[in-house]
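Please examine the structure shown below. A set of questions and answers then introduces it to a new reader.

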Amino acid sequence: MTDIEFKKILWDAAVKLRGSLSAAEYKYPVLGLVFLKYISDVFEAQADVIRARAEDPASDQYIEDPALRDELVEEWVQDKSFFEADNVFWIPEDARYGKLLAQAKHAGIAHKLDGAMASIEAENPKLRGVLYRDFGRLDIDAGKIGDLLGIIARMKFDPEKHASQDVFGEVYEYFLGNFALEEGQKAGQFYTPRSVVQTLVEILAPFEGRIYDPCCGSGGMFVFSERFIEAHGGKRGQAVVYGQEMTATTRKLACMNLAIRGIDYDMGREYADTFTNDQHPDLKADFILANPPFNMEWEAKALSEDKRWLYGTPPAKNANYAWLQHILSKLANNGRAGVVLANGSMSSNQSGEGAIREAMLKGDMVECMVALPGQLFTNTQIPACLWFLSRNKGVGKNGSLDRKGQVLFIDATKMGSIQIARTQIALSDEELQEIAQTYHNWRGTAWGLNGYADVPGFCKSATLDEIAKHGYVLTPGRYVGAKDVEDDGEPFAEKMRRLSALWREQQQEVVQLDAAIDANLRELGYGE
């Protein structure tokens, strides 16, 4: 059985137990139990690690006398400090998954789970206020909760056999993605598709420094940033992440997602609205990645004189340019940002948005625009694009080229070759790399491999003068032009005869279809 087949079996089994709960309600207890299973497995494995060190002559914890060793090891596996030293969460005995699984058929299992989560939070300050503790309030009978415990018990997270953090991450992301598919439009509050996150990360290349997401959902931007660092030879911890989320339950998902991977994070004091209650008021970030809610209404009146609106006051009916300017206000002197927005943000002139966009361009804040294919998102069919902003488009420390007064346009609307659901596609790894490599070649960064050249139909480096001629509209299709068509060698006259014959054939089929429809309608009593 493949890994994906196993995850699908677990997912299908868990969904069968949902009963009257919506996907939005059900995801929190399910992901909470997945988290509990992981930390319990790692805790149990740590006891074996402690024993192995005591038996290893090369270890500084080696004890030669077997009798003394057995005595001390039993004390050590009850000592919280031996777990914390290896960044393993301490799990009180009654909160361990095996103990709870043994009581799965008891009528009071829901309240026992709530108690277990509370005791884990009490022992681990980083998890306080993070775990799901509302099993007792679920509109689902105790038997189904017990069955859910049994399903998730089939997951095995063994640090000795595999990179358990990565396995947990794959399961967690798989479940998040499936919940996003089920929830539809509400899903955007907590989940950004992998293709979109990877594109942002590959272009920004957040190798070290301060990374910020002002609407972080379940924390996927941070997870992929850490993966990028490790994939390019860096070490976990050389980037520090800062996030904010306005929904309490989604904030908990993010904290679990980051804590389990050992990522140091600062999610502020509380869940809160980014515009009215900024949790990181003094932050200046090196990298910002964000997928704000598309075209959302917001409390503009109370903030009409806010110092963040350097390029113009955003309209109340649409927060797109409020997000862009908030993000610009958070960038360090050499900071860069990648933001997902609806396509309308590239061309809208309503309520002063065009004037704000023009001011941002004249301030040389826009570095790159990427038009994405449709159907990448689970929560909206609105076409989306990526804005890349930069505080410094000049020569960089890594030898990057001076691109002041220029913007790179990439039209990726024809990409998305992977069909992952009936109404959802994804970018392939090759497509992701083509987009990212085009940017890095243009910018001349350390990640670039070749010199840059415009490609008709795909990419174009445009000057601000050229953009001004287009009324400061940033839709890539206006700049990249039509794709070059390769000559297939067929003589023009022959090609026209062939295409004309094909057109006549299709017209005949249309006439025949119309006649058949008319005949069927007459039989039903319609028509003459």
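The exchange that follows moves from the whole chain to particular residues.

Reader: What kind of model is this, and how are its residues numbered?

Author: Side-chain values use heavy atoms, leaving out hydrogens and water, and residues are numbered from 1 along each chain as its sequence is written. Local features need pLDDT of at least 70, side-chain atom pairs count only at pLDDT 80 or more, and totals for chains, interfaces and linings use all residues, since this is a predicted model.

Reader: What percentage of the residues of the protein chain count as buried?

Author: The protein chain has 17 helices and 11 strands, which are DSSP runs (H or I of at least four residues for helices, E of at least two for strands) numbered from the N terminus. Buried means under 20% relative accessible area, exposed over 50% and partly exposed in between, with a 1.4 Å probe and protein chains only. Of the 528 residues, the share that counts as buried is 50%.

Reader: Which helix gives the largest share of the largest nonpolar core?

Author: A nonpolar core is a set of buried Ala, Val, Leu, Ile, Met, Phe, Trp, Tyr and Cys residues joined through side-chain atoms within 4.5 Å. The largest one has 116 residues, and Leu 36, Ile 39, Leu 113, Phe 175 and Val 370 touch the most other members. Its largest share, 16 residues, comes from helix H2 (residues 23–55).

Reader: Which residues of helix H13 are exposed?

Author: In H13 (residues 353–362), Glu 353, Gly 354, Ile 356, Arg 357, Met 360 and Leu 361 are buried. They lie on the same side of H13 because they cover an arc of only 160° around the axis, taken from the directions from the helix axis to the C-beta atoms. On the other side of H13, the exposed residues are Ala 355 and Lys 362.

Reader: Against which helices and strands do the buried residues of H13 pack?

Author: Packing here rests on contact, meaning heavy atoms within 4.5 Å. By that criterion, the buried residues of H13 pack against helix H12 (320–330), strand E6 (366–371), strand E7 (384–390), strand E8 (406–411) and helix H15 (464–469).

Reader: Is Ser 400 buried or exposed?

Author: Ser 400 lies in the loop between E7 and E8. Not counting residues up to four places away in sequence, Ser 400 touches Gly 394, Val 395, Arg 443, Gly 444 and Thr 445. With a relative accessible area of 6%, Ser 400 is buried.

Reader: What is the arrangement of the rings of Phe 275 and Trp 309?

Author: Rings of Phe, Tyr and Trp (its six-membered ring) pair if their centres lie within 6.5 Å, and planes under 30 degrees apart count as stacked, over 60 as edge-to-face and the rest as tilted. The whole structure holds 12 aromatic pairs. For Phe 275 and Trp 309, the centres are 6.4 Å apart and the planes at 65°, so the pair is edge-to-face.

Reader: How many residues apart in sequence are the parts that this pair ties together?

Author: Phe 275 is buried, and so is Trp 309. Phe 275 lies in the loop between strand E3 (265–266) and strand E4 (285–290) and Trp 309 in the loop between E4 and H12, so the separation of the parts tied together is 34 residues.

Reader: What is the arrangement of the rings of Tyr 439 and Trp 442?

Author: Both Tyr 439 and Trp 442 are buried. Being three residues apart in helix H14 (residues 429–443), they are separated by about one helical turn. Their ring centres are 6.2 Å apart and their planes at 50°, so the pair is tilted.
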